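This briefing is meant to be read beside the coordinates. It goes through sheets, enclosed and open spaces, cysteines and unusual backbone geometry in turn.

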Amino acid sequence: MWRRLWTLVAPAARAPRRSCSRLGSGGPAPSCGATVFALSSGQGRCGIAVIRTSGPASSQALRSLTAPRALPPARRACLRVLYDPRSGEPLDRALVLWFPGPQSFTGEDCAEFHVHGGPAVVSGVLQALGSVPGLRPAEAGEFTRRAFAHGKLSLTEVEGLADLIHAETEAQRRQALRQLDGDLGHLCRVWAETLTKALAHVEAYIDFGEDDNLEEGVLEQADTEVRRLEVVLGAHLRDARRGQRLRSGVHVVVTGPPNAGKSSLVNLLSRKPVSIVSPEPGTTRDVLETPVDLAGFPALLSDTAGLREGVGQVEQEGILRARKRLEQADVILAVLDASDLASPSSCNFLDTVVAPAGVQSPSGNSQRLLLVLNKSDLLPPGGLDHRPDLSPHLLLSCLTGEGLDGLLEVLRKELAAVCGDPSTGPPLLTRARHQHHLQSCLDALGHYRQAKDLALAAEALRIARRHLACLTGKGGTDEILNIIFRDFCVGK
């Protein structure tokens, strides 16, 4: 519906586009002379739909659709009848808001139309806006890009806004909101100020080193500040994977011998029938993945083939894939049948998978393993026999659900350790772009320490500052900006 509407509106509304320099961040802004409009709320039928405009013709658009009424007071919602400016036909009774720039989301003049959310109403208002001279449909992410262009948001705040829109779990929402609030950008500015001060000291020594006007120890002070910053940047880079896991999901792999209840556990945690459950051993022969919300954290849950020897070629391939997936796991859920711990398959699994847990994985990360003893409903009244050689474990019955709350609580703690707590501590690096610029900054500081010439040392500090500027968007190229804003929907 909306795609068809857009093809009707776009040809009539296309206006000549001109480029202009970006006001707040030192790069080109997208068609600042044009006024754009779009549906900003969700598509489909809804109680209220929000249509917004941004640009110099926003006041004209508001007057055209609400004539003969004057503009409403700034930032106050007013009830107005909307008319088609071409035919004078009433379209809807709506709340309208007027946001004169620069006190608006984009920094430009903006208007909002809160209309009833039926397709015919939204279609009529969008087509009416398309008939106003100087207005055109917005491109994906154009409202946010204009906010960035006018210095309303830094690039890290833009990424936080995108993550907030796409957040599916509580932890993702908290992390995105902190980044949108500017925590990471503020930290980068503090680091940049440290480098600016060190650079000023080095350049002052270059220019006035032979005079008596400089304080003693100027270079030593700069060296001390740079060494402290190196330690801080190194700590953040060592934690970089935590933020990326929080944004994209923790790899949680469910493994165990055949018929231990792995598929039942995956279905229980995902709250849907992801895997086929059967008493026949070897039912799962490939890796089945599903994204889930585990205790408020994002996770990619993988069901794998039962680990055993002496099976057919197809199942053997599934077991090979299961072992490879185990090497990539952040958290392993090792599942055994609580009523069959003495079987050869259970003993072999305990020796080959559970016992080595905690050692360095092939990727260099310490893996976390939770031993889950399923089918607790089959245990005798006395419960599980005392096994001093058995690793710490959790009892669970996938059939009755008993023990699930305890498992989720332990999982929450494990995932918090893997991802970090988004509510406390320093801001997390959630994207590879952040890690790249911080690593490049750290490399430049290494060149500063090794430089034999003060001019080369000063240049290394400038390079380090430039990478911090790129992280917050002060020096980003158009190609990088296009990739970031492409993730937004039309109307945001």
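The points below are grouped by topic and describe a predicted model.

The model contains two open sheets with mixed pairing, one in the strand order 5-6-7-4-3-8 and the other in the order 10-11-9-12-13-14. A search of the whole structure finds one cavity of 30 Å³ or more, while the largest pocket holds about 390 Å³ of space. No disulfides are present.

**The sheet with strands 3 to 8**

- Six strands make up this open sheet, in which the order is 5-6-7-4-3-8 and the pairing is mixed.
- Strand 5 (78-83) and strand 8 (135-137) are the edge strands, and because each has a single partner strand, one side of each is left without a neighbour in the sheet.
- When direction is ignored, neighbouring strands of this sheet are turned by 30 degrees against each other on average.
- Strand 4 (residues 46-54) and strand 7 (residues 110-117) run antiparallel and are joined by eight bridges; within this pairing, Cys-46 stands opposite Gly-117, and Ala-49 has Val-115 as its bridge partner.
- Strand 7 also pairs with strand 6 (residues 90-99), again in the antiparallel sense, over five bridges, and here Leu-97 has Glu-112 of strand 7 as its bridge partner.
- Strand 7 is mostly covered, with six of its eight residues buried.

**The sheet with strands 9 to 14**

- This open sheet is likewise formed by six strands with mixed pairing, and its order is 10-11-9-12-13-14.
- Its edges are strand 10 (288-294) and strand 14 (393-395), each of which has a single partner strand, so that one side of each is left without a neighbour in the sheet.
- From one strand to the next, the twist averages 25 degrees.
- Strand 9 (residues 250-255) and strand 12 (residues 331-337) pair in the parallel sense over four bridges, and Thr-255 stands opposite Ala-334 of strand 12.

**The largest cavity**

- The largest cavity holds about 50 Å³ of space, and its lining consists of Gln-175, Arg-178, Gln-179, Asp-183, Leu-184, Pro-422, Pro-426, Pro-427 and Leu-428.
- Helix 6 (170-180) and helix 7 (183-208) each supply at least two residues of this lining, and the largest share, three residues, comes from helix 6.
- Sorted by class, the lining of the largest cavity has five nonpolar, two polar and two charged residues.

**The largest pocket**

- A set of 26 residues lines the largest pocket, and the ones nearest its centre are Asn-259, Gly-261, Ser-264, Val-277 and Ser-278.
- Helix 10 (residues 262-270) gives the most to this lining, with three residues.
- The lining of the largest pocket divides into 10 nonpolar, 12 polar and four charged residues.
- Asn-259, one of the residues nearest the centre of the pocket, lies in the loop between strand 9 and helix 10; at 32% relative accessibility, Asn-259 counts as partly exposed.

**Cysteines**

- Which cysteine has the sulfur closest to that of Cys-188? It is Cys-441, but the separation of 8.9 Å between the two sulfurs is too far for a bond, given that a disulfide requires the sulfur atoms to lie within 2.5 Å.
- Cys-188 counts as buried because its relative accessibility is 2%, and Cys-110, at 8% relative accessibility, counts as buried too, the cut-off for this class being under 20%.

**Unusual backbone geometry**

- Most residues other than glycine have a negative phi, and most peptide bonds are trans.
- A cis peptide bond with omega of about 5 degrees joins Ala-67 and Pro-68, and Pro-68 is placed in the loop between helix 2 (58-66) and strand 5.
- Gly-101 and Pro-102 are also joined by a cis peptide bond, with omega of about 5 degrees, and Pro-102 is found in the loop between strand 6 and strand 7.
- Arg-75, which lies in the loop between helix 2 and strand 5, has a positive phi of about 60 degrees although it is not a glycine; at 40% relative accessibility, Arg-75 counts as partly exposed.
- Asn-259 is not a glycine either, yet has a positive phi of about 65 degrees.

Note on methods:
Residues are numbered from 1 along each chain as its sequence is written. This is a predicted model: local features need pLDDT of at least 70, side-chain atom pairs count only at pLDDT 80 or more; totals for chains, interfaces and linings use all residues. Side-chain values use heavy atoms; hydrogens and water are left out. Buried means under 20% relative accessible area, exposed over 50%, partly exposed in between (1.4 Å probe, protein chains only). On a 1 Å grid over the protein atoms alone, a cavity is a set of points where a 1.4 Å probe fits but cannot get out, and a pocket is an open set with protein on both sides within 12 Å along at least five of seven lines; lining residues have an atom within 4 Å of a point. Grid points are joined across faces, edges and corners, and a volume is the space filled by probe spheres set on the points. Ala, Val, Leu, Ile, Met, Phe, Trp, Tyr, Cys and Pro count as nonpolar, Asp, Glu, Lys and Arg as charged, and the others, Gly among them, as polar. Two strands pair if DSSP finds at least two bridges between them. Axes are lines fitted to C-alpha atoms, for helices over the stretch in contact, and angles run from 0 to 180 degrees between N-to-C directions.
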